[in-house]
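Open your viewer, switch to the cartoon view, and keep the selection box handy. We will go stop by stop, with something to select each time.

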Amino acid sequence: MAGEPQDDCLFCKIVAGQIPATLVRETETTVAFRDINPQAPTHVLVIPRVHHPDIAALAAAEPAITADLLKEAAEVAAQEKLDSYRLVFNTGSGAGQTVWHAHGHVLGGRGMQWPPG
C-alpha cells in the first residue's frame, strides 16, 4: 500500500534502522545519508520516511512531504557547505532509478556539466 514500508525496499530498511547507513540528517519526515557509490565529492541521498516508488508518486500523494524533502535537500547542502549543488530525482529505469523509493541526490563539491548524462 502506498506510504507503507515495503519489506523488499532497501530505503525502507534504512529508515527502519535494519540496514546501516552514514546518516547526515534526520527529521520526522525525512532521512539523509551518504551514497555508497558517490558520483561527486558530496553525494547525499534525501528520502522520505514514507514509501512511494518515485518523486512523481510522492508529490501526487503527499505534497507536504515532497516539500519537506526539498527543504531538507537545501539543509543538507548548507550543512555540507556547498556554494552550489545539483539536486537530481531519477524517475524510471530509463532515467537511472535503481531503488523504487522516492529519493533525491544532493551532488556537489565539483563543477557540474550540462547537459548531464
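Start by selecting Pro63, Ala64 and Ala78: these residues of helix H3 are exposed, on the other side of the helix from its buried residues. Please keep in mind during the tour that this is a predicted model.

**Stop 1: helix H3**

Now select residues 63-79 to see the whole of H3, which has 17 residues. From its first C-alpha to its last it reaches 24 Å, close to the 24 Å expected at 1.5 Å a residue. Next, highlight Ile65, Thr66, Leu69, Glu72, Ala73, Val76 and Ala77, which are buried. Those residues lie on the same side of H3, because they cover an arc of only 145° around the axis.

Stay on the helix and show the side chains of lysine 71 and glutamate 72. They form a salt bridge, with the closest N and O atoms 3.8 Å apart. Is glutamate 72 buried or exposed? With a relative accessible area of 5%, glutamate 72 counts as buried, because the cut-off for that is under 20%. Add Arg25 to your selection: salt bridges that share partners join Arg25, Lys71 and Glu72 into one network.

**Stop 2: strand S3**

Move on to residues 42-48, which make up strand S3. How many of its seven residues are buried? The count is seven of seven, so this strand is mostly covered. Colour Thr42, Val44, Val46 and Pro48 to mark one side, then His43, Leu45 and Ile47 to mark the other; both faces are covered.

**Stop 3: the neighbours of S3**

Which strands pair with S3? Select residues 30-34 for strand S2, which pairs with S3 in the antiparallel sense over five bridges. To follow the pairing, find phenylalanine 33 opposite leucine 45, then threonine 30, whose bridge partner in S3 is proline 48. Strand S2 is mostly covered as well, with four of its five residues buried.

Then select residues 104-108 for strand S5, which is joined to S3 by five bridges and runs antiparallel to it. A good pair to click here is valine 46 and its bridge partner in S5, glycine 104.

**Stop 4: the hairpin**

Return to S2 and add residues 23-26, strand S1; three bridges join these two strands, which run antiparallel. S1 and S2 form a hairpin with three residues between them. Click leucine 23 and look across to phenylalanine 33, its bridge partner in S2. Phenylalanine 33 is also the residue that stands opposite leucine 45 in S3.

**Stop 5: salt bridges across the fold**

There are four salt bridges to find in this model. Show the side chains of glutamate 26 and arginine 49, which meet in a salt bridge at 3.0 Å, N to O. Glutamate 26 lies in strand S1 and arginine 49 in the loop between S3 and helix H2 (55-61), so the pair ties together parts that are 23 residues apart in sequence. Arginine 49 is partly exposed, with a relative accessible area of 26%.

Next, select glutamate 80 and arginine 34, whose salt bridge has its closest N and O atoms 2.9 Å apart. Glutamate 80 is in the loop between H3 and S4, while arginine 34 is in strand S2, so this pair ties together parts 46 residues apart in sequence. Arginine 34 is partly exposed, at a relative accessible area of 33%.

**Stop 6: a patch on the surface**

Switch to a surface view and select Leu70, Tyr85 and Leu87. Together they form a nonpolar patch with about 240 Å² of accessible area. Tyrosine 85 is found in strand S4, residues 85-88. Its relative accessibility is 38%, so tyrosine 85 counts as partly exposed.

**Last stop: a loop**

Finish with proline 38, in the loop between S2 and S3. At 47% relative accessibility, proline 38 counts as partly exposed. Now use the distance tool between its C-alpha and that of histidine 105: the two atoms are separated by 9.8 Å, although the residues are 67 apart along the chain.

Conventions:
Residues are numbered from 1 along each chain as its sequence is written. This is a predicted model: local features need pLDDT of at least 70, side-chain atom pairs count only at pLDDT 80 or more; totals for chains, interfaces and linings use all residues. Side-chain values use heavy atoms; hydrogens and water are left out. Buried means under 20% relative accessible area, exposed over 50%, partly exposed in between (1.4 Å probe, protein chains only). Two strands pair if DSSP finds at least two bridges between them. Patches are made of residues with over 30% relative accessible area and no salt bridge: like charges are joined within 9 Å, nonpolar side chains (Val, Leu, Ile, Met, Phe, Trp, Tyr) within 5 Å. Accessible areas come from the Shrake-Rupley method with a 1.4 Å probe; for residues, only the protein chains shown count as cover. The expected span of a helix is 1.5 Å times one less than its number of residues. The arc is that of the directions from the helix axis to the C-beta atoms.
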